[in-house]
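Here are some notes to read alongside the model, for someone opening it for the first time. Take them one at a time and keep the view open as you go.

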Amino acid sequence: MPPKAKITKEMIIKAGFNIVRNEGKDSLNVRRVAAELDCSTQPIMYHYKTVDELQADIYAAADSFHTEYIMQPDSKTDNPMLSIGMNYIRFAHDEKFLFRFLFQSDKFQNISLTELIAGEGSEFLLKPLTRQTGLTMEQAREVFETLFVCVHGLASLLANNSIEYDEEHCIRLLSNTFTGIVGVVMKGEQI
């Protein structure tokens with residue numbers, strides 16, 4: 001009889017990611033992962049002392065997947081901010097369970113919008129915006145915050161099946177929001 005395949009941490013993360021992606025966070029537990037891997041719960045508990053540790057690694061995998069997804073160039077716009085925004089919206093539409101897992105959990109509890117936007121990774125989004133528009137870094141943050149609220153609002157509505165996906169309408173809304181807020185900020189007006 002051949003020895004059983006060794007269950008690795010990577011295999012567990014991949015199985016958990018697939019469960020969250022296809023069934024949602026509520027389906028994620030040690031027994032479900034074990035069933036996905038066709039093994040007992042022992043290998044999972046060997047690598048993970050708690051379900052929270054397992055969820056953290058699956059969250060990191062989902063976050064990496066999301067980042068790669070939204071950073072793909074969009075052939076429908078030459079504006080990098082609108083490209084990223086539309087990819088974020090498409091992600092919410094195409095990957096509803098992953099979107100909810102990443103952005104509609106208690107992960108960001110007690111964090112302000114300003115802290116969230118100023119967080120890790122915002123610089124790589126803001127620098128191209130300053131080059132594209134001539135805005136200062138502080139002005140770019142203001143533009144990005146406004147655009148983020150619009151993008152995240154649309155994405156949340158789509159991820160929760162509250163609206164139907166209409167790509168042209170989303171592009172128009174984002175373009176109008178972007179153009180409007182850049183104009184307001186460049187004039188030094190208050191939003």
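**Notes on the model**

1. Let's start in a loop. Asn161 sits in the loop between helix 9 and helix 10 (167–186). Keep in mind that this is a predicted model. Asn161 has a positive phi of about 55°, although it isn't a glycine. Most residues other than glycine have a negative phi. As for its surroundings, Asn161 counts as exposed, because its relative accessibility is 54% and the cut-off for exposed is over 50%.

2. Asp38 is another residue to click on. You'll find Asp38 in the loop between helix 2 and helix 3. Asp38 is not a glycine either, yet has a positive phi of about 55°. Is Asp38 buried or exposed? With a relative accessible area of 66%, Asp38 is exposed.

3. Now zoom out. The protein has 10 helices and 0 strands, so reading from the N terminus the elements simply go α-α-α-α-α-α-α-α-α-α. The C-alpha trace spans about 75 × 30 × 30 Å along its principal axes. Of the 191 residues in the protein, 38% are buried. Looking at contacts between residues at least 6 apart in sequence, 64% join residues at least 24 apart.

4. Helix 4 (residues 51–70) is a good one to check with a ruler. Its 20 residues, at 1.5 Å a residue, should span 28 Å, and the end C-alpha atoms are indeed 28 Å apart, so the two values agree. Which residues of helix 4 are buried? They are Leu54, Gln55, Ile58, Tyr59, Ala62, His66 and Ile70. Looking down the axis of helix 4, these buried residues fall within an arc of 135°, and therefore line one face of the helix. In general, an α-helix has 3.6 residues a turn, so residues three or four places apart point the same way.

5. What does that buried face touch? The buried residues of helix 4 pack against helix 1 (9–23), helix 2 (30–37), helix 3 (42–47), helix 5 and helix 6.

6. Just past helix 4, have a look at Asp78, which is in the loop between helix 4 and helix 5. Asp78 counts as exposed, since its relative accessibility is 77%. How far apart in space are Asp78 and Leu54? They are 24 residues apart in sequence, and their C-alpha atoms are 39 Å apart. Leu54, remember, is one of the buried residues of helix 4.

7. Next, the pair formed by helix 5 (residues 80–94) and helix 6 (residues 96–103). Two packed helices are described by the angle between their axes and the distance between the axes. Here the axes come within 5 Å and cross at roughly 115°, and helix 5 and helix 6 are therefore roughly perpendicular to each other. From helix 5, Tyr88, Phe91, Ala92, His93 and Asp94 take part, meeting Lys96, Leu98, Phe99, Leu102 and Phe103 of helix 6. Sorted by class, the residues of this contact are 7 nonpolar, 1 polar and 2 charged.

8. Stay with helix 6 for a moment. Its buried residues are Leu98, Phe99, Phe101, Leu102 and Phe103. Around the axis they cover an arc of only 165°, so they are on the same side of helix 6. Those buried residues pack against helix 1, helix 4, helix 5 and helix 9 (137–159).

9. Helix 5 has a second partner to look at, helix 8 (residues 122–133). The axes of helix 5 and helix 8 come within 9 Å and cross at roughly 140°, which means helix 5 is oblique to helix 8. Pro80, Met81 and Ile84 of helix 5 make this contact with Leu125, Leu129 and Gln132 of helix 8. By class, the contact of helix 5 with helix 8 has 5 nonpolar, 1 polar and no charged residues.

10. Last stop: Phe148, which belongs to helix 9. Is Phe148 buried or exposed? Its relative accessible area is 18%, so Phe148 is buried, the cut-off being under 20%. Phe148 and Tyr88 are 60 residues apart along the chain, while their C-alpha atoms are separated by 9.8 Å. Tyr88 also turned up in point 7, as one of the helix 5 residues that meet helix 6.

Definitions and conventions: Residues numbered from 1 in each chain as written. Predicted model: local features only at pLDDT ≥ 70, side-chain atom pairs only at ≥ 80, totals over all residues. Heavy atoms only, no water. Axes fitted to C-alpha atoms, helices over the stretch in contact; angles between N-to-C directions. Helix = DSSP H or I, 4+ residues; strand = E, 2+ residues; numbered from the N terminus. Parallel < 35°, antiparallel > 145°, perpendicular 65-115°, else oblique. Contact = heavy atoms within 4.5 Å. Nonpolar A, V, L, I, M, F, W, Y, C, P; charged D, E, K, R; others polar. Expected span 1.5 Å × (residues − 1). Buried < 20%, exposed > 50% of the residue type's maximum accessible area, 1.4 Å probe, protein only. Arc of directions from axis to C-beta.
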